[in-house]
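Hi,

Here is the structure I said I would pass on. Have a look at it first, and then read on for what turned up.

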Amino acid sequence: NNFGLPEYVNTMNTYFGTYEFPMFHTMGNHDNEMECAGDIDKARRYIHTVAPTYYSFNLGQVHVIVLDDMDFTGVPSGQSHRSEYHKNLTPDEIEWLRKDLSYVDPSQPIIVTAHESLAVPDGLGWKEELNGADIDKSTFLEMFSGYNVRMITGHTHSIFNRRHNDTFIEHNYGAVCGTWW
């Protein structure tokens, strides 16, 4: 229970740094500092210790986009508010994403990572999950129109794939810590 972000970074550098294995991080809901209020303050320790909450890079011929789709804007401090975030991209992140995509050739494959899935299986259908005030799922998918995209998400503690359209496929990989309970 005393294993925080600095210990995580040290462990990752110890185990994977030896093999020169690059590690790229996507912020999860448990990475926020719940004793702070609001989206920026809750993410400050993660940004300082691990990585930006959203960023992109090219890995060979593939463009990789890492997103933070947990918006704690307006959420007060305290552990009791841990699940009050919206599955959303903030206006600054949306603007950044549009600009980032403007530099990507449509022929270049894109991998997008985010902690939350765009949708989860719900009986025989899908429960749509991107529910923020600033962007919905259809607007998000439209931003990637003309690109070949694979999205990797987590959070659900289950595994599923969903083809959102002909060029955008989401792969959700359940967190291994789900086996703890």
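To start with the overall layout: the chain has four helices and ten strands. Read from the N terminus, the elements go α-α-β-β-β-β-α-β-β-β-α-β-β-β. Do keep in mind that this is a predicted model.

On overall dimensions, the C-alpha atoms fit a box of roughly 45 × 40 × 35 Å along the principal axes. The radius of gyration is 17 Å, which agrees with the value near 16 Å for a compact globule of 181 residues. Of those 181 residues, 42% count as buried. The accessible surface comes to about 10,600 Å², and carbon and sulfur atoms hold 53% of that. As for how the chain meets itself, take the contacts between residues at least 6 apart in sequence: 61% of them join residues at least 24 apart.

Ile-65 is a good place to zoom in. You'll find Ile-65 in strand β2 (residues 62–66), and it is buried, with a relative accessible area of 0%. What does Ile-65 touch, leaving aside its neighbours within four places in sequence? Its contacts include Tyr-55, Ser-56, Trp-96, Leu-97, Ile-111, Val-112 and Phe-144. Ile-110 is also one of the contacts; Ile-65 and Ile-110 are 45 residues apart along the chain, yet their C-alpha atoms are separated by 7.4 Å.

Next, the aromatics. A search of the whole structure gives eight aromatic pairs. One of them is Phe-72 with Tyr-85: the ring centres are 5.1 Å apart and the planes sit at 50 degrees, so this pair is tilted. Both residues lie in the loop between β3 (70–71) and β4 (86–87), so the pair ties together parts 13 residues apart in sequence. Phe-72 is buried at 0% relative accessible area, and Tyr-85 also counts as buried, at 11%. Elsewhere, ring pairs link Phe-24, Tyr-55 and Phe-57 into a cluster. Tyr-55 is the residue you just met among the contacts of Ile-65.

Now for the charged side chains. How many salt bridges does the structure hold? There are three.

- Arg-45 pairs with Glu-33, with the closest N and O atoms 2.7 Å apart. This one links distant parts of the chain, since Arg-45 is in helix α2 and Glu-33 is in the loop between α1 and α2, twelve residues away. Arg-45 is partly exposed at 47%, whereas Glu-33 is buried at 19%.
- Asp-41 and Arg-44 meet at 2.3 Å, N to O. Both sit in helix α2, three residues apart, about one turn of the helix. Asp-41 is partly exposed at 32%, and so is Arg-44 at 48%.
- Glu-116 meets Lys-87 at 3.8 Å, N to O. Glu-116 lies in the loop between β5 (110–113) and β6 (119–122) and Lys-87 in strand β4, so the pair ties together parts 29 residues apart in sequence. Glu-116 and Lys-87 are both buried.

Last, something on the outside. Tyr-15, Phe-16, Tyr-19, Phe-21 and Met-23 make a nonpolar surface patch of about 580 Å². Met-23 belongs to the loop between α1 (5–17) and α2 (39–49). Is Met-23 buried or partly exposed? At 32% relative accessibility, Met-23 counts as partly exposed.

That's the tour. Happy browsing!

Technical notes:
Residues are numbered from 1 along each chain as its sequence is written. This is a predicted model: local features need pLDDT of at least 70, side-chain atom pairs count only at pLDDT 80 or more; totals for chains, interfaces and linings use all residues. Side-chain values use heavy atoms; hydrogens and water are left out. Patches are made of residues with over 30% relative accessible area and no salt bridge: like charges are joined within 9 Å, nonpolar side chains (Val, Leu, Ile, Met, Phe, Trp, Tyr) within 5 Å. Accessible areas come from the Shrake-Rupley method with a 1.4 Å probe; for residues, only the protein chains shown count as cover. A salt bridge is a side-chain nitrogen of Lys or Arg within 4 Å of a carboxyl oxygen of Asp or Glu. Helices (H or I, at least four residues) and strands (E, at least two) are DSSP runs, numbered from the N terminus. Buried means under 20% relative accessible area, exposed over 50%, partly exposed in between (1.4 Å probe, protein chains only). The radius of gyration is taken over C-alpha atoms; the globule rule is 2.2 Å times the number of residues to the power 0.38. Contact means heavy atoms within 4.5 Å. Rings of Phe, Tyr and Trp (its six-membered ring) pair if their centres lie within 6.5 Å; planes under 30 degrees apart count as stacked, over 60 as edge-to-face and the rest as tilted.
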